Amino acid sequence: MGTKTVDETGVKTDDEKTVKAEEEAATDQTVGEAGEAEDAAADTDDDTASQAAVGGAVEKEGSTGVGQGAAAVVSSGLGIVSLTGSWVGTVASARESLIGQLETSSSSNVGTLIEKGYGDAWHATALWGGAFALVALIVGVVVLARPAFGAPGRPQAPWIKSVSWAGVALGVIGLLLAVLKYTDILLGLPSTG
């Protein structure tokens with residue numbers, strides 16, 4: 001069998017067992033160091049991959065759709081203005097009313113007074129409401145059509161589509177109401193006869 005020797009602690013040991021134990025310890029240490037090196041390399045690779053992914057995401061987000069989102073909100077805002085009225089429409093209405101009063105005399109008949117004093121003002125309000133509705137409709141349609149002419153494979157954010165559709169719907173409703181007001185189908189002037 002193996003030879004007996006005295007180890008550092010003064011205990012007699014078998015040389016073969018000692019050598020084998022030392023080899024196993026050295027192998028375990030080498031494997032541990034190799035595992036740590038592989039873990040460090042894997043961590044570095046993971047960090048590099050995550051940095052590349054973040055960099056790629058930043059590159060992809062270069063065009064975040066801020067302009068499209070802003071245009072969608074503008075479209076909806078203009079659609080609301082077309083339904084509720086604007087200061088431009090109010091000023092135009094007051095101006096037409098004043099012009100109508102200046103053009104008519106006290107001897108004019110009631111029909112002429114109503115037409116010049118209020119009818120023209122009502123039509124001016126309808127025209128300005130229709131103008132805002134038309135702009136809202138055009139901006140909303142352009143925002144919805146933009147992805148077809150932009151970067152392929154880049155989907156438009158759902159909220160942008162929703163707000164754009166709201167702007168288009170409000171624009172259509174505002175335009176319809178403006179036409180009905182201007183043609184006196186909706187809330188026409190009272191008859192004097």
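1. Start with helix H3, on the side that looks outward: Trp 87, Arg 95 and Leu 102 are exposed there, on the face turned away from the helix's buried side. One thing to keep in mind as you read on is that this is a predicted model.

2. Now flip to the other side. Which residues of H3 are buried? They are Gly 89, Ala 92, Ser 93, Ser 97 and Gly 100. These five span an arc of only 135 degrees around the axis, which means they sit on the same side of H3. A bit of helix geometry helps here: an α-helix makes a turn every 3.6 residues, so residues three or four places apart point the same way.

3. What lies over that buried side? Part of the cover for the buried residues of H3 comes from helix H4, residues 110-149.

4. As for the helix itself, H3 covers residues 87-103, which is 17 residues. From its first C-alpha to its last it reaches 24 Å, close to the 24 Å expected at 1.5 Å a residue.

5. Leu 102 deserves its own point. This leucine belongs to helix H3, and it counts as exposed because its relative accessibility is 68%, where the cut-off is over 50%. If you want a distance to check in the viewer, try Leu 102 to Lys 116: they are 14 residues apart along the chain, and their C-alpha atoms are 9.1 Å from each other.

6. Compare that with another leucine, Leu 83, in helix H2 (residues 66-84). Is Leu 83 buried, exposed or partly exposed? With 35% relative accessibility, Leu 83 counts as partly exposed, since that class lies between the 20% and 50% limits.

7. Leu 83 also has a part in a surface feature. Together with Ile 173, Leu 177, Leu 186 and Leu 187, Leu 83 makes a nonpolar patch of about 400 Å². Have a look at those five side chains on the surface view.

8. Zooming out, how many helices and strands does the chain have? There are five helices and two strands. Reading from the N terminus, the order is β-β-α-α-α-α-α, with both strands ahead of the helices.

9. Last, some totals. The chain has 193 residues, and 22% of them count as buried. Its accessible surface is about 13100 Å², with 64% of that belonging to carbon and sulfur atoms. Among contacts with a separation of 6 or more, 74% are between residues 24 or more positions apart.

Technical notes
Residues are numbered from 1 along each chain as its sequence is written. This is a predicted model: local features need pLDDT of at least 70, side-chain atom pairs count only at pLDDT 80 or more; totals for chains, interfaces and linings use all residues. Side-chain values use heavy atoms; hydrogens and water are left out. Helices (H or I, at least four residues) and strands (E, at least two) are DSSP runs, numbered from the N terminus. The expected span of a helix is 1.5 Å times one less than its number of residues. Buried means under 20% relative accessible area, exposed over 50%, partly exposed in between (1.4 Å probe, protein chains only). The arc is that of the directions from the helix axis to the C-beta atoms. Contact means heavy atoms within 4.5 Å. Patches are made of residues with over 30% relative accessible area and no salt bridge: like charges are joined within 9 Å, nonpolar side chains (Val, Leu, Ile, Met, Phe, Trp, Tyr) within 5 Å. Accessible areas come from the Shrake-Rupley method with a 1.4 Å probe; for residues, only the protein chains shown count as cover. A salt bridge is a side-chain nitrogen of Lys or Arg within 4 Å of a carboxyl oxygen of Asp or Glu.
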